[in-house]
Structure formats: C-alpha cells, structure tokens
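User: Hi! I'd like to go through this model with you and ask what stands behind each label. Could you set the values against the cut-offs as we go?

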Amino acid sequence: MATEDRRAGDPETQEAFRRLIELPEGAERVQVRQEIINAWLPMAHRLASRYRDRGETLEDLRQIAAVGLVSAVDRFDPDRSRSFAPFAVPTITGEIRRHFRDRMWSVHVPRRVQNLRNVVRVAIAELAAEGDPASLARLAEHTGLTEDEVRQGSEALHGFNALSLDAETSAGTGGALGEVLGASDGAFDLVLDRVAAKPGLLGLAEPEKRALYLRFFKGMTQSAIAAELGVSQMHVSRLIAGSCRRIRENALGEPDPRQNTSTSAR
C-alpha cells in the first residue's frame, strides 16, 4: 500500500517512453524526451534535497541529479519495466554519490580507503548507539577489519574537508596552522652529496686528499698549499682540478673520457 501511495504522485509517462523509442531522430523525438525529463525533474530535485548540508549547494546538487535523470531517461526500456521510478532512483542517487565520492574530497583518498571510511563511520555510530566505546580494537571486532584498516578509515574521516593554512592551531596559541608546518631541509641535499662523493674521495692518493683538505677545509690559497706540500703552484692546480673531476665522475657514474682515449690508442 505504501508503495502504491508513493507511486500515485508519479507522472504517467509510460506511453511517452514508448513513443520515444519508436520515434526516429528528429525534432519530435527531442520534444518528447524533454517532456519526460521535465515531468520527472521534481522527483530528481527531491532526491537531491536529501544530500543538502553536506558541503555542496542545493542548486549544484539539483544539477547533478538532473544529469542522473537524463541518463535514466535515455536508458529506460518500458518493455522491461512497468514503472520508471524504481529504475531512475538508483541511477540518480548513484550520480549524486559518485559526485561526493570523486569531486568533494579536499584531499585525494584512494577508493579503498574511502570504503574503509564509510565502514568505520557507520560502526562508530552503531557502537555509540549501544553505549559502547569505539576503541580501535572494538571497531576492528565490530567491523571484521584489521586494526590497521580501521586506523586508515579513521584517518580518512578527516580528509573530506581541508583546513585553511590560516586556521588557528589546536593548541590555541594564536598562531596560524601554516606557521607550524615543516619545510624542505636543504641539509638533506648536502648529506646526499657527501655520500655520493665519499667513494671518490677514498680512491684518491694521499697528496690529492691533502691538497683538497687544505684548499676546501682550511681555506688556504694554491700558493700556500704549494709551499706546504713542497711542490709548484701549477702542480697543486692540477691536483685539485683532477681530483674534483674524478670525484664528480665517480658520483655521477660517468667514465673518464681520457681513459677511453687511452684504451682506444692502445
């Protein structure tokens, strides 16, 4: 009885759908199709209103519902179903839910984690209704998920909407959230460079290591290094240039072109 009462207010479009199928492409078919859409548009709007206050405007929700209605009209076959409503409602609500799933997340969350979020959200509400604390272990037992999956779903509960970087921190210190976020540390690149250069440095002869140490760690000039090592300044210049080149080639994995030339000559 309730079903009959609910369908009593539905527009009578069964005959219009039969005409729509039989008509060839043209102005008349376009008109019949539009009449059917207009007749069922109030139902689509009612379905859209169920999702208000979820972060999307009612006008946008109605447009999304209308897209679902058009899809349902184009796919409906009156020979396979006596009523359009049971076919259209899942199509329209599916379009709205798909919009929330794919378009409304401020932070991209994988589909699997979105599903975990929904399971955890429902479980929290069910346990709260029973007066049962929604601990991690209790949620895992209630849902049949692992504790790690419950943790992922719980974290996704806060991923639907993002906080502004100008929002006040939870500590209430008066500072903005953006002021406490970390930044890239340039020292990481320095560590990587040192690790990459280490094998090349270890492969140098002692005079080369000494020349590099005096030049780059002690800050001595080439003439002062030459006096320290008892060699000419030109020799110090060759030591430093050659050592730096070999270290760079070793770090980058590039062969020494002079070695290739020597091999070819032999």
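Analyst: Happy to. Let's start at Phe-76: leaving aside neighbours within four places in sequence, Phe-76 is in contact with Gln-14, Phe-17, Ile-21, Ser-81, Ser-83, Phe-84 and Phe-87. Please keep in mind that this is a predicted model.

User: Where is Phe-76 found?

Analyst: Phe-76 is in the loop between α4 and α5. From Phe-76 to Phe-87 there are 11 residues in sequence and 7.4 Å in space, C-alpha to C-alpha.

User: What makes Phe-17 and Phe-76 an edge-to-face aromatic pair?

Analyst: Two values matter here. The structure holds six aromatic pairs, and in this one the ring centres of Phe-17 and Phe-76 are 4.7 Å apart with 65° between the planes. Rings pair if their centres lie within 6.5 Å, and planes over 60 degrees apart count as edge-to-face. The 4.7 Å and the 65° satisfy both conditions, so the pair is edge-to-face.

User: Why can this pair be said to tie parts of the chain together?

Analyst: Phe-17 belongs to helix α2 (residues 14–22), while Phe-76 sits in the loop between α4 (58–75) and α5 (85–103), so the pair ties together parts that are 59 residues apart in sequence.

User: How do you know whether Phe-17 and Phe-76 are buried or exposed?

Analyst: By relative accessible area, where buried means under 20%. Phe-17 has 1% relative accessibility, so Phe-17 counts as buried. Phe-76 has 5%, so Phe-76 counts as buried too.

Analyst: The rings of Trp-40 and Phe-84 can be handled in the same spirit. Their centres are 4.9 Å apart and their planes are at 65°, so this pair is edge-to-face. Trp-40 is in helix α3 (residues 27–49) and Phe-84 in the loop between α4 and α5, which makes it a link between distant parts of the chain, 44 residues apart.

User: And why do Trp-40 and Phe-84 count as buried?

Analyst: Trp-40 is at 2% relative accessibility, under the 20% limit, so Trp-40 counts as buried. Phe-84 is at 2% as well, so the verdict for Phe-84 is buried. Phe-17, Trp-40, Phe-76, Phe-84 and Phe-87 form one aromatic cluster.

User: Which residues touch the most other members of the largest nonpolar core?

Analyst: That core has 25 residues, and those touching the most other members are Phe-17, Trp-40, Leu-69, Val-73, Phe-84, Ile-92 and Ile-96. Helices α2, α3, α4 and α5 each supply at least two of its residues. The largest share, eight residues, comes from α3. Val-73 has contacts with Phe-17, Leu-20, Arg-33, Ile-36, Ile-37 and Phe-84, leaving aside neighbours within four places in sequence. Another core lies apart from it, with 11 residues, among them Ala-197, Val-236, Leu-239 and Ile-240.

User: Why is Thr-91 called buried?

Analyst: Thr-91 has 13% relative accessibility, and buried means under 20%, so Thr-91 counts as buried. Thr-91 is placed in helix α5, and its contacts, leaving aside neighbours within four places in sequence, are Gly-68, Ser-71, Ala-72 and Arg-75.

User: What about Ser-243: buried or exposed?

Analyst: Ser-243 has a relative accessible area of 0%, so Ser-243 is buried. Ser-243 lies in helix α12 (residues 233–252). A polar atom of the Ser-243 side chain is 2.6 Å from the backbone oxygen of Leu-239. Leaving aside neighbours within four places in sequence, Ser-243 is in contact with Leu-204, Glu-208 and Leu-212.

User: Why does Glu-12 get the label exposed?

Analyst: Exposed means over 50%, and Glu-12 is at 77% relative accessibility, so Glu-12 counts as exposed. Glu-12 is in the loop between α1 (2–8) and α2. Glu-12 and Trp-40 are 28 residues apart in sequence and 9.7 Å apart in space, C-alpha to C-alpha.

User: How many helices and strands does the chain have?

Analyst: The chain has 13 helices and zero strands. Of its 266 residues, 27% count as buried. The accessible surface is about 17,900 Å², with 52% belonging to carbon and sulfur atoms.

Conventions:
Residues are numbered from 1 along each chain as its sequence is written. This is a predicted model: local features need pLDDT of at least 70, side-chain atom pairs count only at pLDDT 80 or more; totals for chains, interfaces and linings use all residues. Side-chain values use heavy atoms; hydrogens and water are left out. Rings of Phe, Tyr and Trp (its six-membered ring) pair if their centres lie within 6.5 Å; planes under 30 degrees apart count as stacked, over 60 as edge-to-face and the rest as tilted. Helices (H or I, at least four residues) and strands (E, at least two) are DSSP runs, numbered from the N terminus. Buried means under 20% relative accessible area, exposed over 50%, partly exposed in between (1.4 Å probe, protein chains only). A nonpolar core is a set of buried Ala, Val, Leu, Ile, Met, Phe, Trp, Tyr and Cys residues joined through side-chain atoms within 4.5 Å. Contact means heavy atoms within 4.5 Å. Accessible areas come from the Shrake-Rupley method with a 1.4 Å probe; for residues, only the protein chains shown count as cover. A polar contact is a pair of N or O atoms within 3.5 Å; within protein, one must be able to donate a hydrogen and the other to accept it, and residues adjacent in sequence count only if both atoms are side-chain atoms.
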